[in-house]
Amino acid sequence: MSIHQPPDDWFQAPHGPERVWIGLALAWCLILFLMMPYWHFRGKQNSTGEAYRTTPAEFAERVNRFIDANKVGEENGVPLVEPAPGSDIYLAAQMWRWYPALKLKKDQTYRLHVSSLDVQHGFSLQPMNMNFQILPGYDHVLTVTPTQSGDYLIICNEFCGINHHLMTGRIRVEG
Ligand code: CUA
């Protein structure tokens, strides 16, 4: 109950420019709503939804095996890994790094397994702005075909603790 009650006839149906703005806002909402299914079918940046159960310990073991088998160097203390085209490749999110750094070939397809070893992180590939939620316990598989060579930065876009802003990783694509 407010201090002053509005008069009983306070409501007036929108009219004139107000109606136009409501109409524009509604039309825009519907366009954005329809973009969701549109990108699902036409976009090339969607997850296929392929995911498996895992545990942080099991995933860490697979990541380490992958690194041991494919390591070609080291960058800022993080192993640089060059896997065979067409293979299963691994990326672990962990407070506060993406591990390992990946070296991929342009126009080759890989099956990228991503999971978290601790809390929820956000995979954000820059400058493409491709985003995925990364959760512990889920082995999220993304089919990846890089179409442009260059260095790509992975940033974390889900707040994951005091050094969240330092959580970066790298994917290098060579053509
Ligand atoms: Cu990981 Cu924020």
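Reader: Two strands pair if DSSP finds at least two bridges between them, fine. Which residue in strand 10 is the bridge partner of His113?

Author: Val141 is the bridge partner of His113. Helices (H or I, at least four residues) and strands (E, at least two) are DSSP runs, numbered from the N terminus. This is a predicted model, in which local features need pLDDT of at least 70 and side-chain atom pairs count only at pLDDT 80 or more, while totals for chains, interfaces and linings use all residues. Residues are numbered from 1 along each chain as its sequence is written, and side-chain values use heavy atoms, with hydrogens and water left out.

Reader: OK. How many bridges join strand 7 to strand 10?

Author: Five bridges, with strand 7 (residues 110-116) and strand 10 (residues 138-144) running antiparallel.

Reader: And what's the strand order in the sheet they belong to?

Author: The order is 1-10-7-4-5, in an open sheet of five strands with mixed pairing. Strand 1 (50-53) and strand 5 (97-99) are the edges, each pairing on one side only. On average, neighbouring strands in this sheet are turned by 25° against each other, ignoring direction.

Reader: Which strands does helix 2 lie across?

Author: Helix 2 (residues 56-70) lies across strand 4 (88-94), strand 5, strand 7 and strand 10, and runs at about 125° to strand 4. Contact here means heavy atoms within 4.5 Å. For the angles, axes are lines fitted to C-alpha atoms, for helices over the stretch in contact, and angles run from 0 to 180 degrees between N-to-C directions.

Reader: Let's zoom in on Asp139. Buried or exposed?

Author: Buried: Asp139, which sits in strand 10, has 2% relative accessibility. The cut-offs are under 20% relative accessible area for buried, over 50% for exposed, and partly exposed in between (1.4 Å probe, protein chains only).

Reader: What does the side chain of Asp139 make a polar contact with?

Author: One partner is the side chain of His113, at 3.0 Å, and another is the side chain of Arg62, at 3.1 Å. A polar contact is a pair of N or O atoms within 3.5 Å; within protein, one must be able to donate a hydrogen and the other to accept it, and residues adjacent in sequence count only if both atoms are side-chain atoms. Leaving out residues up to four places away in sequence, Asp139 touches several others, including Glu50, Tyr52, Phe59 and Val114.

Reader: Switching topic: what's the volume of the largest pocket?

Author: About 650 Å³. The closest to its centre of the 25 lining residues are Lys44, Met130, Thr143, Val144 and Thr145. A pocket, on a 1 Å grid over the protein atoms alone, is an open set of points where a 1.4 Å probe fits, with protein on both sides within 12 Å along at least five of seven lines (a cavity is a set where the probe cannot get out), and lining residues have an atom within 4 Å of a point. Grid points are joined across faces, edges and corners, and the volume is the space filled by probe spheres set on the points.

Reader: Which strand gives the most to that lining?

Author: Strand 10, with three residues. Among the strands that supply at least two residues each are strand 6 (101-105), strand 8 (121-126) and strand 12 (168-174).

Reader: Any odd backbone bits? Which peptide bond near Trp96 is cis?

Author: The bond from Met95 to Trp96, with omega near 0°; Trp96 is in the loop between strand 4 and strand 5. Another cis bond joins Tyr99 and Pro100, with omega about -5°, and Pro100 is in the loop between strand 5 and strand 6.

Reader: What about phi of Asp107?

Author: Near 65°, positive in a residue other than glycine. Asp107 is in the loop between strand 6 and strand 7. Asn129, not a glycine either, has a positive phi of about 60°. Asn129 lies in the loop between strand 8 and strand 9 and is partly exposed at 48% relative accessible area.

Reader: Last one: how many residues are between the strands in the hairpin of strand 2 and strand 3?

Author: Two residues, and Asn76 in that hairpin takes a positive phi near 50°. Strand 2 (residues 71-75) and strand 3 (residues 78-81) run antiparallel and are joined by four bridges. Strand 3 also runs parallel to strand 6, joined by two bridges, and Leu80 stands opposite Ala101 there.
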